[in-house]
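Let's take a walk through this one together. Please have the sequence and the 3D view open side by side as you read.

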Amino acid sequence: MRKMRLLPLPFVCIILMFFMTLPESLATEVAVATGTRVGGDATRTRFVADVSETVSYSVYVLPDPYRVVIDLPNVRFDLPPGIGHKVRGLVSEYRYGLLEAGKSRIVIDTLGPVLIEKSFLVEPQLGQPARIVVDIVKTTEAAFVKSYNSEQVKSQQHIAELSVGPISPPAPEKKIVLANKVGKKIIVLDPGHGGVDPGAVSPRGTKEKDVVLSFARVLRQALVATGKYDVVMTRNDDRFISLKNRVSVAREKEADLFLAIHADTVRGRDARGVTIYTLSDRASDAEAEALAKRENRADIIGGLDLEAETEEITDILIDLAQRESKNHAMFFSKKAVTQLRPLTLMTGKPLRSAGFVVLKAPDVPSILLELGFLSSKSDEKLLTSVVWQTKIAKAFATAVDSYFATEVASKAN
Ligand code: ZN
């Protein structure tokens, strides 16, 4: 937890805080972002967000890919759909959403390295909303790196000042394995993406984050209906969760099975069907590798740096437990393919593997389900259909039953 608390701080380049005492009657109301605008040209671009009331915010830049992040308290975004998709000046795209309880974020992708020239807040006046203004200017890669590094040093000093006494290394994680875990099996469902990260988006605007959440809810219902499982969801609303935290949920709950749920898009090809992925250090093929890269980008989109997070998980990889978990995951995947194949279209190779960060809990059999391709009109139709979702969820529940039945049988021998 210590790590999570400190993580975002090194990236803070500019922090601007504005406070205003709210009248009592308004104190519980959430601020609403009612408009955004981008203006300027390819050397200097201004981003403006209209907010119903004055809020505190911080703005900073991040590399790989270059982007500007505006962190806000809980803000509801009441913006027209597709507003963030237009290229203007230095801005290629922007996204917004809830990051976690009480925290919202706007992520502005830029066409190259930029610096924040200035940022300020205009108080609401004469019936106009408050405005957050961020001016960004084009810069060179070298200047970006120099500025970014010096800000990191400052932030680290800031962390040192904040901590009381020496920072001790985090205690090694201990997991109590209950030899005879009684009661229901625990299944963690992990609908991908969320909040600021929409995941894949169909040409017609269907978002992966919405489709996978809706499927996860149907699947949860199907599993709970058997009376055999406790089902935990990593998210049950539209919020961003880091990949590491998704893995943590599986570990903390001592899950017996972890199912990540996603949907993909591909450009220029008519790919369709369901695919089931397990973890592997070596991807089973180039397509699987490319997909893992896309899915692992979730954290970059949310603004956290993946590299800092994977280090810990890489160490865990050594754990022998993982080998066993992988075998279990593979075993389950085969059961799932058997159930799904008669019911719906599957891709040419429905069982694949690649280095998905979200599957790296060493002691939990984990699989990633790609429901289909939002780039295909036919798949999109299925994925958004409650009838199809229910059919697939039931088949999945049967696969889960069959998996645990065999598990128990093999352990009894
Ligand atoms: Zn995804």
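In what order do the five strands of the open sheet run? Keep in mind as you look that this is a predicted model. The order is E6-E2-E3-E10-E9, and the pairing is mixed. At the edges you will find strand E6, covering 75-77, and strand E9, covering 114-122, each of which pairs on one side only. From one strand to the next, the twist averages 30°.

Now step inside the sheet, to strand E3 (residues 44-51) and strand E10 (residues 130-138). These two pair in the antiparallel sense, over eight bridges. For a handy landmark in this pairing, find Thr45, which stands opposite Ile136 in E10.

From the sheet, let's move on to the metal site. Which residues coordinate the zinc ion? The donors are His193 through NE2, Glu208 through OE, His262 through ND1, and Glu295, which is listed with OE twice, at 2.0 to 2.4 Å. Along the chain, the donors of the zinc ion follow the spacing H-x14-E-x53-H-x32-E. His193 lies in the loop between strand E11 (185-191) and helix H3 (208-225), while Glu208 is in helix H3, so this pair ties together parts that are 15 residues apart in sequence.

Are His193 and Glu208 buried or exposed? Buried means under 20% relative accessible area. His193 has 5% relative accessibility, so His193 counts as buried. Glu208 has a relative accessible area of 2%, and therefore is buried as well.

Technical notes: Residues are numbered from 1 along each chain as its sequence is written. This is a predicted model: local features need pLDDT of at least 70, side-chain atom pairs count only at pLDDT 80 or more; totals for chains, interfaces and linings use all residues. Side-chain values use heavy atoms; hydrogens and water are left out. Two strands pair if DSSP finds at least two bridges between them. Helices (H or I, at least four residues) and strands (E, at least two) are DSSP runs, numbered from the N terminus. Axes are lines fitted to C-alpha atoms, for helices over the stretch in contact, and angles run from 0 to 180 degrees between N-to-C directions. Donors are N, O and S atoms within 2.8 Å of the metal (3.2 Å for Na, K and Ca); water is not among the atoms, so sites may look incomplete. Buried means under 20% relative accessible area, exposed over 50%, partly exposed in between (1.4 Å probe, protein chains only).
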